[in-house]
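Q: Could you take me through one part of this model up close, and then show me what sits around that part? I'd like the packing spelled out residue by residue where you can.

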Amino acid sequence: MELVQIQRRLVDYTKSLFMEGFLDAQFLQLQQLQDDSNPDFVFEVVSLFFEDSEKLLNELTIALDQPNVDFKKIDSHVHQLKGSSSSIGAQRVKNACIAFRNYCDVQNIEGCLTCLQQVKQECYLVKNKFETLFRLEQQIMASGGSVPTIELGF
Amino acid sequence: MSGNGASSSSLNMISGEDVVNNNLSALVVDDSPLLRLLHDIHLKKYGLKVQVAENGKVAVDLFHLGASFDLVLMDKEMPVMNGVEATKELRAMGVTSMIVGVTSKNGPGEQQAFMEAGLDYCFEKPLTPEIISFLLEELNKHNNKN
């Protein structure tokens with residue numbers, strides 16, 4: 001595939017992620033922080049997010065499986081996950097965490113379990129989206145091109 | 001020193017203006033490696049010298065050892081020593097740095113308790129370029145007065 005075609009594909013793919021709600025403007029802020037002195041910044045931050053989220057989701061699974069559920073602990077984990085997802089612009093994960101916290105507030109175990117599945121699903125989906133995004137970027141770089149930037153308001 | 005900061009809604013935002021500061025230092029205090037990296041890079045882009053600390057105790061220990069910073073970004077919820085305790089301790093030590101609380105969205109009561117610990121400002125994380133520009137403008141004004 002020609003370089004221009006891959007670049008076009010990346011732009012269209014990225015726009016679709018915003019349209020479908022996977023990403024929000026915070027992701028564009030991340031991209032703007034990346035430069036020649038930090039060429040892998042976005043990849044590093046996103047990788048940190050998925051390392052964090054995996055640990056937190058495991059903790060949440062264990063916590064919700066206890067005979068006496070500690071909702072304060074669960075809320076703390078979800079709060080953390082909400083913060084980190086918000087920081088990378090993973091909007092759907094963030095929104096799923098907001099719903100999760102609402103069920104924690106009222107100590108609704110079934111609601112929490114449903115939300116946990118929802119958060120896991122959204123993390124899985126956005127991870128796949130990021131993998132595709134980074135793969136397209138790598139193809140562009142390998143072809144000697146530059147990664148096009150997306151402006152807000154497209 | 002008492003906190004006299006503003007909520008984000010009452011800011012006089014400076015938008016679209018880069019404020020590059022080559023002689024200011026900052027300490028990012030956050031238990032999340034992701035947030036530490038994010039704010040570290042963000043502040044470095046504005047020319048600040050940045051150090052990071054993973055909890056309030058590490059931050060307080062740095063000051064005890066004689067370190068000083070113009071700006072401290074303080075997360076609220078941290079293990080070992082949280083942001084409220086760390087801020088109180090720093091103010092009790094006589095630290096006059098600008099301390100900015102960085103929180104996930106909490107109820108107004110929680111943010112107030114954090115402000116009362118001695119913050120200058122408190123914002124929702126992550127900080128945006130507009131908010132960082134505002135903070136640096138305030139820091140420059142403060143430094144020009146002294």
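A: Here's a walk through the helix packing in chain A, followed by a look at chain B. Keep in mind that this is a predicted model.

Let's start with helix 1 of chain A, residues 3-19, which packs on helix 6 of chain A, residues 109-142. Their axes lie 9 Å apart, at an angle of about 155 degrees. Anything over 145 degrees counts as roughly antiparallel, and therefore helix 1 and helix 6 of chain A get that label. As for handedness, the two cross in a left-handed way.

Who's touching whom? From helix 1 of chain A come Leu3(A), Ile6(A), Gln7(A), Arg9(A), Leu10(A), Tyr13(A), Thr14(A) and Leu17(A). They meet a set in helix 6 of chain A made up of Asn128(A), Lys129(A), Thr132(A), Leu133(A), Leu136(A), Glu137(A), Gln139(A) and Ile140(A). Sorted by class, this contact of helix 1 with helix 6 has eight nonpolar, five polar and three charged residues.

Next up is helix 2 of chain A (residues 25-33), which packs against helix 3 of chain A (residues 41-64) with axes 8 Å apart and an angle of about 135 degrees. That angle makes helix 2 oblique to helix 3 in chain A. Here Phe27(A), Leu30(A), Gln31(A) and Leu33(A) from helix 2 meet Phe41(A), Val42(A) and Val45(A) from helix 3. The class split for this contact of helix 2 with helix 3 is six nonpolar, one polar and no charged.

On the annotation side, an unreviewed UniProt entry puts "domain: HPt" at residues 38-143 of chain A. Over that span the chain is 86% helix and 0% strand, and the C-alpha atoms at its ends are 20 Å apart.

Now for chain B, which has five helices and five strands, running β-α-β-α-β-α-β-α-β-α along the sequence. It has 146 residues, and 53% of them count as buried. Of the chain B contacts with a separation of 6 or more, 68% come from residues 24 or more positions apart.

One residue to zoom in on is Asp75(B), which UniProt, again in an unreviewed entry, annotates as "modified residue: 4-aspartylphosphate". Asp75(B) sits in strand 3 of chain B, residues 71-75, and counts as buried because its relative accessibility is 3%. Leaving aside residues up to four places away in sequence, Asp75(B) touches Val29(B), Asp30(B), Asp31(B), Gly83(B), Val102(B), Phe114(B) and Lys125(B).

Terms used: Residues are numbered from 1 along each chain as its sequence is written. Chains are lettered from A and ligands numbered from 1 in the order in which they are written. This is a predicted model: local features need pLDDT of at least 70, side-chain atom pairs count only at pLDDT 80 or more; totals for chains, interfaces and linings use all residues. Side-chain values use heavy atoms; hydrogens and water are left out. Axes are lines fitted to C-alpha atoms, for helices over the stretch in contact, and angles run from 0 to 180 degrees between N-to-C directions. Helices (H or I, at least four residues) and strands (E, at least two) are DSSP runs, numbered from the N terminus. Angles under 35 degrees count as roughly parallel, over 145 as roughly antiparallel, 65 to 115 as roughly perpendicular and the rest as oblique. A crossing is left-handed if the near helix is turned anticlockwise from the far one by less than a right angle, and right-handed if clockwise. Contact means heavy atoms within 4.5 Å. Ala, Val, Leu, Ile, Met, Phe, Trp, Tyr, Cys and Pro count as nonpolar, Asp, Glu, Lys and Arg as charged, and the others, Gly among them, as polar. UniProt positions are given in the numbering used here, feature names are shortened, and annotations may be inferred rather than shown by experiment. Buried means under 20% relative accessible area, exposed over 50%, partly exposed in between (1.4 Å probe, protein chains only).
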